[in-house]
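Please open the model in your viewer and keep the sequence beside it. The tour below moves from one selection to the next and says what is there at each stop.

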Amino acid sequence: MIGISNVKQFVANLRSKWTYGLTEQECIEGIENVCAFFSIPVPVLIQNVTEHPELGTCVMNRDRDTLEDDILCFDLRQLKSMGVSDQMGFMAVITHECAHRVFQNHWFPGPDMGQWESELVADYFMGVKIGLEGWNVDPVIKALDTLRGSGSHPIGKLRGEYVRYGRFEAHRHMIQKKVGSLQEYLDLFLEYRTRHLDELRKAELTIY
């Protein structure tokens with residue numbers, strides 16, 4: 001006989017799949033995939049906060065000197081509004097969040113202790129992962145393009161550009177049959193930022 005708890009879980013998964021295109025288990029598997037990509041441990045706590053929209057999709061880094069206490073939250077309702085409708089789109093966004101984990105103790109140049117740059121490097125690595133995997137997540141990228149800038153996040157136009165550049169670099173490495181390291185991709189990000197610094201500064205002046 002199937003237990004009541006199993007029936008409830010089946011119904012919950014069916015409802016989640018129907019509403020958001022994802023089950024909670026698919027989300028967990030996607031997070032594990034992205035953590036393996038970065039060679040980092042799975043967060044100590046993963047929370048589905050879909051029913052608590054005040055939290056949103058985010059990473060909480062309590063101690064910036066370790067990855068062992070990170071908390072990852074995901075909000076499927078919020079992600080659906082960003083064009084996420086399957087596991088590929090989910091993993092693309094989670095790549096952004098896990099990049100924050102990787103670089104939580106890294107100094108980036110720019111106003112407000114490199115706040116925009118810390119977001120752009122996460123967008124860039126989202127693009128790298130998308131390119132390496134060959135994912136078609138254009139709705140997610142286009143949703144980023146439309147976001148308004150703030151003190152904590154760059155304008156969407158810049159974010160989309162950095163995602164596309166990361167995807168380009170991933171494709172270039174694959175064509176050349178190269179396996180880029182994390183440091184190599186980071187160096188390419190910093191070089192790209194330097195080449196496009198005027199554009200970045202003009203955008204920052206509209207906010208800061």
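Begin with the cysteines: a search of the whole structure finds zero disulfides, a disulfide being a pair of cysteine sulfur atoms within 2.5 Å. Select Cys-58 and Cys-73, and you will see why no bond is drawn, because the sulfur of Cys-58 lies 4.4 Å from its closest cysteine sulfur, that of Cys-73, which is too far. Cys-73 is also buried, at a relative accessible area of 0%; here buried means under 20% relative accessible area, exposed over 50%, and partly exposed in between, with a 1.4 Å probe and protein chains only.

Before going on, note that this is a predicted model, in which local features need pLDDT of at least 70 and side-chain atom pairs count only at pLDDT 80 or more, whereas totals for chains, interfaces and linings use all residues. Residues are numbered from 1 along each chain as its sequence is written, and side-chain values use heavy atoms, with hydrogens and water left out.

Next, show the sheet, which is open and has three strands in the order 1-3-2 with mixed pairing; strands (E, at least two residues) and helices (H or I, at least four) are DSSP runs numbered from the N terminus, and two strands pair if DSSP finds at least two bridges between them. Strand 1 (45-48) and strand 2 (58-60) are the edges, each with a single partner strand, so one side of each has no neighbour in the sheet. Strand 1 pairs with strand 3 (residues 71-74) in the parallel sense over four bridges, and Asn-48 can be found opposite Phe-74 in strand 3.

Now select helix 9 (residues 197-205), where Leu-200, Ala-203 and Glu-204 are buried. Looking down the axis of helix 9, you should find its buried residues within an arc of 100°, so they line one face of the helix; the arc is that of the directions from the helix axis to the C-beta atoms. The face turned away from that buried side of helix 9 carries the exposed residues Asp-198, Lys-202 and Leu-205. Add helix 5 (111-133), helix 7 (156-175) and helix 8 (182-195), which are among what covers the buried residues of helix 9, contact meaning heavy atoms within 4.5 Å.

Finish with two backbone details. Most residues other than glycine have a negative phi. Asp-112, in helix 5, is not a glycine and yet has a positive phi of about 55°, and Asp-112 is partly exposed at 49% relative accessible area. Lys-177, in the loop between helix 7 and helix 8, likewise has a positive phi, near 55°, and Lys-177 counts as exposed at 75% relative accessibility.
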